[in-house]
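Hello,

Here is the structure I said I would pass on. Please have a look at it first; my notes follow below.

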Amino acid sequence: MAGNLITYRECIKQAIREALLADERVFMMGEDVGHYGGAFAVSKNLLQEFGPERIMDTPLSEAGFVGAGIGAALGGMRPIVEIMTVNFSLLALDQIANNAATLLHMSGGQFNVPLVIRMSTGIGRQLAAQHSHSWEPLFAHLPGLRILSAGTHEDARHMLAPALADPDPVIIFEYTSLLNMEKELPEDLTGVDIQKAKVRREGKDISIFTYGTGVYKSLTAAEELAQAGIEVEVVDLRVLRPLDEETIVASVTKTNRAFVVEDASKSVSVSSEVSARIMERCFYELDAPVQRLCGAEVPIPYPKHLEDASVPQPAQIVSAIKTLLQHA
Amino acid sequence: MNLNPDQVKKLLSQMLLIRRFEEKAAEMYTKEKIRGFLHLYIGEEAVAVGVLQALQPDDNVMCTYREHGHALVRGMEPGVIMAEMYGKLEGCSRGRGGSMHLFDAKTKFYGGNAIVAGHLAMAVGLGLADKKLQRNQITCCFFGEGAMAEGAFHEAMNLAALWQVPVLFVCENNLYAMGTALRYTHAQQDLEKKGAAYGIASSSVDGMDLMAVMQAANEAVDSIRQTGQPHFLVCNTYRFRAHSMFDAELYREKKEVEEWKQRDPITSFKELLLQQKMLNDEDYQAIEKQVQQEVEQAVAFAESCSFEPVEELLKYTYSEKAN
């Protein structure tokens, strides 16, 4: 299959392009998505191809254009709203938490909000505390939203279509650090199930539950552990709300050990939630306590060595799992 | 404006329905039939009635949490609104919203929004959808002067002007953001200028004068339909009752309230009609009676309704149907 290499950035772009071609009601708006071509060049040339009605540059006005996206969705459109990065998303948090997430319930089922919000997330390239947030857990706290994490090229390419088909608001987290990474994309894949977590690698000795940048890091660690004779199962949670508990339970029931990896800081995180659900559902299946490797409890620092130390690295995953399995 | 006797009676009865409905709601609140927040519109009736008469059934309406009056004028059943305030299943939002969150798809009534200024950008979005889908309808968005101090107001104004969306922004300036007076919250108290600052056609009107509000609203709506561009209308009004049922009204003098009550929009309109011989005392008594009956029926309906089974608690957190 050599020759089919594609960057994560190109995966996102193809997904957006496909959505615009598939449905006249779809349009994208956000800061610098048009004339600039996207802060990360994701939407380069889409303005030229689709015109300013469908690729709308917005002012620096997160609350305004996210709110307008909700209104346009109520009005029958299928907006894709790009928030340049998660770091700016709190400016729109009122719109997301108080409007998008509540309208269906508050109206007794009368008004649904078919909106997709995409945002680039996580550590980039030494961007320091205000531009390196991993806030998936914050949004995953809110009932009424579907929270997706595109930790692989496959999901970056194929999550958008089902997200747009969802009648309710969906947030897709994309990852700045993956943008330039090239991978082969399976050609026959046309959609992903946005209800379900995905087992990325099967194994029998231990399950790693992870999402976002943790997926490729865990797969790398799993490769190395395989050479030491440890067969790791890697589960990409990918739907952070509503959480796919069944896939988690099935994996723990199979491997009897659970390890959770995420970039977000440990306290009140997705890993806290996954760990708690495992305790509730699988306590008697466990051969060892659930362990976690998470982001440090610190605003992300600027220098490279400290930035690297702030989030889990594959070598740490390898060593933690060897310890957990009491591997020599 | 030439109005026939039927039209003026309808307008008067709409204002009176708001007044009597809310008096009854306050009573039911003290009887603990209604709980949570209850914000009364009494005193401001001419604004909802005067503005909404300018709209068509296809137009969208978005309101604040002080929206019982707008819902009634828009044609929602009084009983269904009362049932919502009772928290009953037969309420317009299945009891899930209460007083602050009246919703109705049939009349395109998009709430009942309880975060001050939080709905303004959504109104821009509704307008944007209408524009993109080339529907000849407008969105009418009500908010108070308190909302104009929020950043969300300014973002919405900028987007509305930038994208030229058919939205009527109606500021119901009742002089108090909860309990803090306009003079303590706005450096520029000439509110109309804040729409104009964004390049939006703006006007202001005496919100206690129904005919004046109608005139201003008709002009604004005509201009929006003709140009597709937004309009900003300030209606200067006053709420006679407390901000909510929890408010002890320590921030304003009784004398001030009494002075404004001299300008009661219902009394003024009634006097005008009597003077112009478009209404006689008998007509008025008939309207009062009819309205009282509607209110009594609304309460009887709400009382007869049921509560949603607790098993359905989680329903409508996510849609059951596909998109």
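Which residue stands opposite A:Phe173 in strand 7 of chain A? It is A:Ser149. Keep in mind that this is a predicted model. I start with strand 7, then move outward to the domains and the chains.

Strand 7 of chain A

This strand covers residues 170-175 of chain A. It has a parallel neighbour in strand 6 of chain A, and four bridges link the two. Strand 5 of chain A, residues 116-121, also runs parallel to strand 7 of chain A. Six bridges join that pair. One of the partners there is A:Thr121, which bridges to A:Tyr175.

What about burial? Six of the six residues of strand 7 of chain A are buried, so the strand is largely enclosed by the rest of the structure. In a regular strand, side chains alternate between the two faces of the sheet. Here both faces are covered. A:Val170, A:Ile172 and A:Glu174 are buried on one side. A:Ile171, A:Phe173 and A:Tyr175 are buried on the other.

The two domains of chain A

Chain A splits into domain 1 (5-184) and domain 2 (198-324). Their C-alpha centres are 26 Å apart. Each domain gives 23 residues to the contact between them. On the domain 1 side, three elements of chain A each supply at least two residues: helix 6 (136-140), strand 6 (146-149) and strand 7 (170-175). Strand 6 of chain A gives the most, with four residues. So strand 7 of chain A is buried, and it also supplies residues to the side of domain 1 that touches domain 2. By class, that side of domain 1 of chain A has 11 nonpolar, nine polar and three charged residues.

Chain A against chain B

How many residues does each chain bring to the contact? Chain B brings 35 residues and chain A brings 36 residues. On the chain B side, the elements that give two or more residues are helix 5 (120-132) and helix 6 (151-163) of chain B. Helix 5 of chain B has the largest share, 10 residues. The side of chain B that touches chain A holds 19 nonpolar, 10 polar and six charged residues.

A good place to begin is A:Ser149 and A:Phe173, which stand opposite each other. From there, follow strand 6 of chain A to the side of domain 1 that touches domain 2.

Best wishes

Note on methods: Residues are numbered from 1 along each chain as its sequence is written. Chains are lettered from A and ligands numbered from 1 in the order in which they are written. This is a predicted model: local features need pLDDT of at least 70, side-chain atom pairs count only at pLDDT 80 or more; totals for chains, interfaces and linings use all residues. Two residues are in contact if their C-beta atoms, placed from the backbone, lie within 7 Å. Ala, Val, Leu, Ile, Met, Phe, Trp, Tyr, Cys and Pro count as nonpolar, Asp, Glu, Lys and Arg as charged, and the others, Gly among them, as polar. Domain bounds come from an automatic or database domain assignment. A residue is buried if 20 or more other C-beta atoms lie within 10 Å of its own, exposed if 12 or fewer, and partly exposed in between; C-beta atoms are placed from the backbone. Two strands pair if DSSP finds at least two bridges between them.
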